[in-house]
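Got your viewer open and the cartoon representation switched on? Let's take a walk through this one, stop by stop.

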Amino acid sequence: MFPVHIRETSPRRLAALRHTGSFEEIGATFGQICQILEERSLLSQAGCMIGVYWDNPLLAPPGALHSHAGIDAPEGMEIAPPLEELRLAGGRHAVLHYTGPYSGLARAYRYFFSHWLPEAREIQAEGPLIEIYRNAAMETPSDQLVTEICVPLL
């Protein structure tokens, strides 16, 4: 149903804010990051937005979920509170390519974990799941939003 490929991802440096609660509500935290970077005249230096998801929503109640809303930050860009620097190690990942509204991401995750992962005989590694948002929701029709879901593999 969704194209998936395996790729070696590069390490990333993010300017990030921690988000606690339902993953579906992380959009407000992304808005805060953009506002902070805009106020500091740093938004033009930043790259794409990235969601970092530490918990499994099937195993924890929505109020206890932990994630980070982040934006790719080049090495020379200053990251000062309330933003925090978050480093992602990179490595071998399965990358699911999803196009459509964010409300459809749950269906993409179900396909990945129920079908693709067992059929590919791959094993998920420790580490967060990452969503890379390739275009901006404020500037793109919802049916054209492009999200890459990156799952670490052994």
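What follows is a tour of a predicted model, with a suggestion at each stop for what to select next.

**Stop 1: the sheet**

Start by colouring the strands. You should find an open sheet of eight strands, in the order E1-E6-E8-E7-E3-E4-E2-E5, with antiparallel pairing. Go to the edges next: these are E1 and E5 (residues 84-88), each of which pairs on one side only. Look along the sheet and you can follow the twist, since neighbouring strands are turned by 35 degrees against each other on average, if direction is ignored.

**Stop 2: E4 and its two partners**

Now select E4, residues 66-72. On one side, E2 and E4 pair in the antiparallel sense over seven bridges. On the other, E3 and E4 run antiparallel and are joined by five bridges.

Which residue of E4 should you click to see both pairings? Try His68: this residue is the bridge partner of Arg18, and Val52 stands opposite His68 as well. While you're here, switch to a surface view. Six of the seven residues of E4 are buried, so the strand is largely enclosed by the rest of the structure.

**Stop 3: the largest nonpolar core**

Keep E4 on screen and add side chains for Ile33, Leu37, Ile71 and Leu83. In the largest nonpolar core, which has 21 residues, these four touch the most other members. To see where the core comes from, bring in E2 (12-20), H1 (27-39) and E3 (49-53): along with E4 (66-72), each supplies at least two residues. Which element gives the largest share? That would be H1, with five residues.

Ile71 deserves a click of its own. Skip its neighbours within four places in sequence, and its contacts include Leu14 and Ala15, Ile33, Cys34 and Leu37, then Leu43 and Met49.

There's a second, separate core to find too. This one has 16 residues, and Phe2, Tyr98, Tyr109 and Leu129 are among them.

**Stop 4: H2 and its kink**

Tyr109 is your way into the next stop: it is one of the buried residues of H2. Select the whole helix, residues 105-120, and look down its side to find a kink of about 40 degrees, centred on Phe112. Phe112 is itself buried, as are Leu105, Ala108, Tyr111, Trp116 and Leu117.

What do those buried residues pack against? Show E1 (4-9), E6 (91-99), E7 (129-133) and E8 (146-152), and you have the strands in question. To get a feel for the crossing angle, compare H2 with E6: the direction of the helix makes about 130 degrees with that of the strand.

Two of these strands are worth a closer look together. E7 and E8 run antiparallel, with four bridges between them. Pick Glu131 and look across to E8, where Ile149 stands opposite.

**Stop 5: the cysteines**

Next, show the cysteine sulfurs. How many disulfides are there? The count comes to zero. Start from Cys34, which is in no disulfide: the nearest cysteine sulfur, that of Cys48, is 12 Å away. Cys34 counts as buried, at 19% relative accessibility. Then move to Cys48, whose closest cysteine sulfur is in Cys150, at 9.7 Å. That is too far for a bond, given that a disulfide needs the sulfur atoms within 2.5 Å.

**Stop 6: backbone oddities in the loops**

Finish with the loops, and turn on the backbone atoms. In the loop between E4 and E5 sits Pro82, and the peptide bond from Pro81 to Pro82 is cis, with omega near 10 degrees.

Then pick out two residues other than glycine that have positive phi. Ser41 has phi near 55 degrees and lies in the loop between H1 and E3. Is Ser41 buried or exposed? At 59% relative accessibility, Ser41 counts as exposed.

Arg121 comes just after H2, in the loop between H2 and E7, and its phi is near 60 degrees. Arg121 is exposed too, with a relative accessible area of 76%. Leave Arg121 selected and trace the chain back into H2, and you're at the helix with the kink centred on Phe112 again.

Methods:
Residues numbered from 1 in each chain as written. Predicted model: local features only at pLDDT ≥ 70, side-chain atom pairs only at ≥ 80, totals over all residues. Heavy atoms only, no water. Bend = angle between axes of the 7 residues up to and from the residue. Buried < 20%, exposed > 50% of the residue type's maximum accessible area, 1.4 Å probe, protein only. Contact = heavy atoms within 4.5 Å. Pairing = 2+ DSSP bridges. Axes fitted to C-alpha atoms, helices over the stretch in contact; angles between N-to-C directions. Core = buried A, V, L, I, M, F, W, Y, C linked by side-chain atoms within 4.5 Å.
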